[in-house]
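Good morning, and thank you for coming. I should like to take you through one structure this morning, element by element. Please have the sequence and the coordinates open as I speak.

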Amino acid sequence: MFLRDEPRLFGLPPGADFPRELLIGLEQRLKSCAPDAWARVEIFVNTRRMQRRLVDIFNQGPPRLLPRIRLVTELHLVAGLSDIPAPIPPLRRRLELSQLVAGLLRAQPDLAPSAALFDLSDSLAALMDEMQGEGVTPDVLRNLDLSHLSAHWERTRSFLSIIEAFFDGQSPDPEARQRLAAQRLAQIWQDQPPDHPIIVAGSTGSRGATALFMQAVARLPLGAVVLPGFDFDQPAAVWDGLDDALTAEDHPQYRFRKLADALALHPSDIRLWHSGAAAPVPSRNKLVSLALRPAPVTDQWLEEGPSLGDLLSATQDLTLVEAPSPRAEALAIALRLRQAIEDGHRAALITPDRVLTRQVTAALDRWGILPDDSAGQPLHLSAPGRLLRQIAALFGQKLTSETLLALLKHPLTFSTVRRGHHLRWTRDLELFLRRHGIPFPTDTILTRWAERQNDDGRREWASWLGKTLAGTDMVGTRDLKQHITHLWRLADALAAGDEEGRAGQIWDEPAGISARQVMQDLLDESGAAGQLTPSDFSALFTSVLSARVVQNPARSHPDVMIWGTLEARMQGADLVILGGLNEGSWPATPAPDPWLNREMRKQAGLLLPERRIGLSAHDFQQAIGVGHVVLTRAIRNDEAETVPSRWLNRLMNLLSGLPRQAGDKALDEMRGRGKDLLAMAVALDQPDISLPPAPRPAPRPPVAARPRQLSVTRITVLIRDPYAIYAAYILNLRPLDPLQQVADAPLRGTILHKILDQFIRQGVNADPAKAKRDLLQIADSVFAEDAPWIAAQRIWRARLARVADWLIAGEHQRMLQGTWVALEQRGSVALENGFVLTAEADRIDRLNNGHLIIYDYKTGTPPSPRQMTEFDKQLLLEAAMAERGGFAGLDPAPVDRVAYIGLGSAPKIVTHDMADGLADTTWAELVKLITQYGRRDQGYLSRRAVFSRDSVGDYDHLARFGEWDSSTPGSGQEVG
């Protein structure tokens, strides 16, 4: 089968359909063998997807016996390795490490914050996994010469000493077991080589255990290693330069040089797997090979660039999309994938950017296309995962309205036949919580809400809900078993609802099955976890869920795939789209290593941070070699401008620097094809017809439908923004109250009004110090009742304390001038035409001369006297009402003045004298205004006289403000 006796390394060029070419090479070698020779061949591949594709190609014919196709990650299943101890579950190891790290942090709290517990445990587990895979023992780390880093190293050693106990070999981790299996096979095969062909195909040998196994197979009499994406165009001088990991680890071909060195071969000894294996576009492979040379490469570009020939032919099937945004990039990709389907081609998107893949999947959904996504969905983002995380987040936390409604609206909550009733009651409960601004619903509040409604089953529902969630806020530190048991019980109860004997759907479908398995695994390994606070448990649980991936059970389109970069090695697509080609995405930024720097890793024989960059570079080189390729990137993301991927950047620079080979023209044509694709994507989102902008509305409803009663504050709105009155009182539209009440300015104003009302009613002490003490005591009581935010309470109290002396001094002056006669007093006056004006005056004082003065407390900036005269007529109208006996208990009396008591950061009093019959003038203007709006031809103009151009109204979106501006004339329209 093989003609040479030395270690056999073969390769296939970038862009080749690796699985298909692998089988073609086997056919050439086995064509003269007996039929059973196929069944005796043993092939080791690196992914299950590769395994499935090889089987699919075999099934396409001709009829023959199927070789044994195994995974390199399952070496322990090979005959003769049954005595290798079973690996310890990774979850148990992780929990054990977290306990040891927690103990170290308790002993030395200055090493790291407690919040970093699980991150440190995970990074330690990853380091231990890597050490075992690369055959590095703790002794190697202890013996490193790091005298120049002694202080840092001593702190690091404290953590690394934790993992030494796990290198005893009695209970190996999966990676240690993999290396042990590779070593054992190498020993067995050295004495008893297999009598059948063994081939390792598709792996680069980037991990130590896999590299050992590949070396052992390459040395067998009937063994061979077939490398994916081997660069046959790379000169020997370049291969010779890939000898230092510190400078060459990020090169796409570095791993092949390292493997060849281990087998005492030169990369030039690596042969083509079979004579007919050719790259789809050889000229493009040469171009990319030159572009990816190790830095510095400019001199090589100048020397070898002219030998590349005509670059137009090398790039004629390359398209470069430089989209203005990630959304535009996703839409262009989706459009190209759809075009491939219509052309009868098989297409694949290759990218490590999972956000981009979700955007592309969403864009494809408009045509009903569901791609085959090899990465699946992280379990924590699935419906069961989200529900379980929401429940876990309840532990030790006070239940908020927002949290409660998110839980009740989850699609798996009450997932039984009565879910319709559950959703209706949830809607009504939400309106109740919004209307009353309840931040923390309790069992008592739920009962009160249910009793105020018709008894259609919601009382039993509210009782079930209160009992189910009772006690979650009281959860404290406890062991993992108690946390999981409680979580499981709550999940079952919420999914089943209040129907006894029924079960919800949370554990159905692949995601539910996987989530249940995670719960069971945590329960089985709970003994290794120790005591966990609610926040620690939530962090651990989310982390464990996010490590699992579930596949979408829906039937996907057979010719549209989304692959990770690893799948680029086993591609079999007519069109490949390389998406997200930006720095930080492809390649991803190496994760920070809290334990070892590059120099320490090199001395210890561990992998350098650039390893992943080199693997990504190899995947890029492999994928770009396909016949038809689209390269995409977004010029800008949500935060700033992006930087092109270093490989794309090199390719563009090389092309633009070779004008004699038409490289600049080739790049322009690549971009031109990308612009055409983007233009189609933009056109896809354009409406079929051109719609004119909406006119500025000024609706004219029937007179009978117009409001017959308004408050003085609504009169101000009628003057400034009549359309808001039309929307609120004629269309009966009200802004939905926020679900999560926040400590905003309107709430602060309401609370300060309540504080001052109580303060004035009980009487202001003549001693300023005692008066201030009384004011702040009242404030503390009101804040505790109406502002359930500790931070807001302290900030608002401090603000009140700053103005308290000024307020009390002013109050003593007001006491000398007169006495208050009304606080928060409601009143109303009817006009001759039947219209009723209402008001609620903050405070009315009777002066010593028998006249009145009306005050209003303002936490914001009080209006100026001119603003009061022209627009903000609230106090002027209240004065007119008082002079007409509009407030109960107050006889008509002249009003000397009105005033705003401003309690902002710069406290002040803004006074407006009511001289020269201003009250009567204001009343006459009101009558005129109401009479005018009693005419059918008077429209309610939107934003007639708003305070400023950037003022935002509750109904601006309904008026389609933005399609018109303040200079646009109103468009009166008869309605109703």
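A word on terms before I begin: two strands are said to pair if DSSP finds at least two bridges between them. Please also keep in mind that this is a predicted model.

I begin with strand β20, which covers residues 836–847. Is this strand mostly covered or mostly exposed? It is mostly covered, since nine of the 12 residues of β20 are buried.

Which strands pair with β20? On the parallel side of the account there is β18, residues 709–711, which is joined to β20 over three bridges. Within that pairing, S711 has T838 of β20 as its bridge partner. Then there is β19, residues 818–830, which runs antiparallel to β20 and is joined to it by 11 bridges. Here S828 stands opposite T838. T838 therefore appears in both pairings, with S711 as one partner and S828 as the other, and for the general background, strands of a sheet pair through backbone hydrogen bonds, either parallel or antiparallel.

β20 also pairs with β21, residues 852–858; these two run antiparallel and share four bridges. In that pairing R843 is matched with Y855 of β21.

Now to the hairpins. Between β19 and β20 there are five residues, and in this hairpin G834 takes a positive phi near 95°. The hairpin of β20 and β21 has four residues between its strands, and there G850 has a positive phi near 90°.

Next, helix α30, residues 712–720. Seven of its nine residues are buried, and the helix is thus mostly covered. The buried residues are V712, I715, T716, V717, L718, I719 and R720. What do they pack against? Their partners are β18, α31, β20, α35, α36 and α37, the last of these being residues 918–932.

Two of these residues, T716 and R720, bring us to D872. This aspartate is found in the loop between α35 (865–870) and α36 (874–883). Leaving aside neighbours within four places in sequence, D872 is in contact with T716, R720, P863 and Q867. Why does D872 count as buried? Its relative accessibility is 15%, and the cut-off for buried is under 20%.

L733 offers a contrast. It sits in the loop between α31 (722–730) and α32 (745–761). With a relative accessible area of 36%, L733 is partly exposed. Together with L731 and L958, L733 makes a nonpolar surface patch of about 210 Å².

Let me turn to the interior. The largest nonpolar core has 83 residues, and those with the most contacts inside it are L388, L429, W461, L480, L487, F537 and F541. Helix α23, residues 480–496, supplies the largest share of this core, namely eight residues. Apart from this core lies another, of 50 residues, including I719, I844, I854 and L890. As for L429, its contacts beyond four places in sequence are L404, L408, L446, W449 and W461.

Finally, there is an open sheet of six strands with parallel pairing, in the order β7-β16-β15-β8-β14-β9. Its edge strands are β7 (318–323) and β9 (372–373), each of which pairs on one side only. β9 is joined to β14, residues 560–563, in the parallel sense over two bridges, and D372 stands opposite M561 of β14.

That concludes my presentation, and I welcome your questions.

Note on methods: Residues numbered from 1 in each chain as written. Predicted model: local features only at pLDDT ≥ 70, side-chain atom pairs only at ≥ 80, totals over all residues. Heavy atoms only, no water. Core = buried A, V, L, I, M, F, W, Y, C linked by side-chain atoms within 4.5 Å. Buried < 20%, exposed > 50% of the residue type's maximum accessible area, 1.4 Å probe, protein only. Contact = heavy atoms within 4.5 Å. Patch = residues over 30% accessible without salt bridge, like charges linked within 9 Å, V, L, I, M, F, W, Y side chains within 5 Å. Areas by Shrake-Rupley, 256 points an atom, 1.4 Å probe, with all protein chains shown as cover. Salt bridge = Lys/Arg side-chain N within 4 Å of Asp/Glu carboxyl O.
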